[in-house]
Amino acid sequence: MRATLPTLNPQSFLSPPPLSFKPSLAFPETKRKSPSTTLFPKGTSSPSFARFPLRVSASSQAASATESAKTTAVASEMKAWVYGEYGGVDVLKFDEKVAVPEVKEDQVLIKVVAAALNPVDAKRRQGKFQATDSPLPTVPGYDVAGVVVKVGSQVKELKEGDEVYGDINENALEGPKQFGSLAEYTAVEEKLLALKPKNLDFAQAAGLPLAIETAYEGLERTGFSAGKSILVLNGAGGVGSLVIQLAKQVFGASKVAATSSTGKLELLKSLGADLAIDYTKENFEDLPEKFDVVFDAVGQCDKAVKAVKEGGSVVALTGTVMPPGFRFVVTSNGEVLKKLNTYIESGKVKPVVDPKGPFPFPQVAEAFSYIETNRATGKVVIYPIP
């Protein structure tokens, strides 16, 4: 269990200096206590295959992939984190011989440089979405930043060598990819990606896609517009930190209020919050001022509805929802990232990376343990990925 975050200079969270690769972080030879795990192409094995020793050569995949993609020197196997059963952090295993995913006609193959964790990654691994999940075993990971190394035959804009970022799963809960971003390679539809902002390094870019798309879509669904006010619950979190910035810089909010613990109040102000509320000392629902929108990223809809104006909206990302609250599951869309790149490259919207990271690739399990404490500031990033 990690210690509670200390009070830090808010600028330490924002756009840290470019990171350098650390070749010394290569994996040592490990003696596994349990069978290793290797992924099968989706649909090529029965759902019960997770019972067997899960190692397989990917040579047949590599052959079929070349039919719809320009060929680059890519090995048929890769390093990846995988789990073959649902459960706690202990189900995560590292494998050096996972099959490189097949590239479909509308996809590109990305050499992953950095990835990031989201609460949905942990909930998915815990088995909370089993009914609509892809088959096990699974390489987790939604957010990615990396370099295109293969291009499907129907890809129109991206090319080999492009630096890209995105949320690799169009639908977060409906059949998310079996081959996620916590691996050396991942295959992604072109429509889900955008060119990496020029002013960001890979680690900074990896933390943006799912969170910034959730923030943007949530604001759009409320009809948020210039002159309206908003209260953001958990303004220092991955989504909340971006809601503050988008509401102010993109949508033209008249007033932005946000909650956090005592040590993160200055961060909220540096992001653009006009009112920073210490939830350990003050009940936001008792404030005389009410807001056009409350963006609830902590699961307190019962309190959030008391802070919204009549006719206003409450966006509830988790927990029990009550009117006028509503919940949505973000749809990944590269066009949203392209639109927001303008604000990112101008410096109006900045990534917030948790100062305890980035976590190197060998420490993915530790990074999962940390994000599940719900104490992270901004995004928990995995970098470098060899």
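In this predicted model, the buried residues of helix H4 are Pro209, Leu210, Ala211, Ile212, Glu213, Thr214, Ala215, Tyr216, Glu217, Gly218 and Leu219. Buried here means that under 20% of the relative accessible area remains. Because eleven of the 13 residues of H4 are buried, this helix is largely enclosed by the rest of the structure. After H4 comes Gly223, which has a positive phi, near 75°.

Helix H8 offers a second case. Its buried residues are Gly334, Val336, Leu337, Leu340, Asn341 and Ile344. Seen down the axis of H8, these residues fall within an arc of 150°, so they line one face of the helix. A general rule helps in reading such a pattern: an α-helix has 3.6 residues a turn, so residues three or four places apart point the same way. The buried residues of H8 pack against two strands, E5 (163–167) and E7 (193–195), and against two helices, H4 (209–221) and H5 (240–249).

The ends of H8 can also be described. At the N-terminal end, Asn333 acts as a cap, with a side-chain oxygen 2.8 Å from the backbone nitrogen of Glu335. Gly347 follows H8, and its phi is positive, near 85°.

The lengths of the two helices may be checked against a rise of 1.5 Å a residue, as the table shows.

| Helix | Residues in helix | Expected span | Distance between end C-alpha atoms |
|---|---|---|---|
| H4 | 13 residues | 18 Å | 18 Å |
| H8 | twelve residues | 16 Å | 16 Å |

For H4, the expected span and the distance between the end C-alpha atoms agree. The two values for H8 agree as well.

Methods
Residues are numbered from 1 along each chain as its sequence is written. This is a predicted model: local features need pLDDT of at least 70, side-chain atom pairs count only at pLDDT 80 or more; totals for chains, interfaces and linings use all residues. Side-chain values use heavy atoms; hydrogens and water are left out. Helices (H or I, at least four residues) and strands (E, at least two) are DSSP runs, numbered from the N terminus. The expected span of a helix is 1.5 Å times one less than its number of residues. Buried means under 20% relative accessible area, exposed over 50%, partly exposed in between (1.4 Å probe, protein chains only). The arc is that of the directions from the helix axis to the C-beta atoms. Contact means heavy atoms within 4.5 Å. A polar contact is a pair of N or O atoms within 3.5 Å; within protein, one must be able to donate a hydrogen and the other to accept it, and residues adjacent in sequence count only if both atoms are side-chain atoms.
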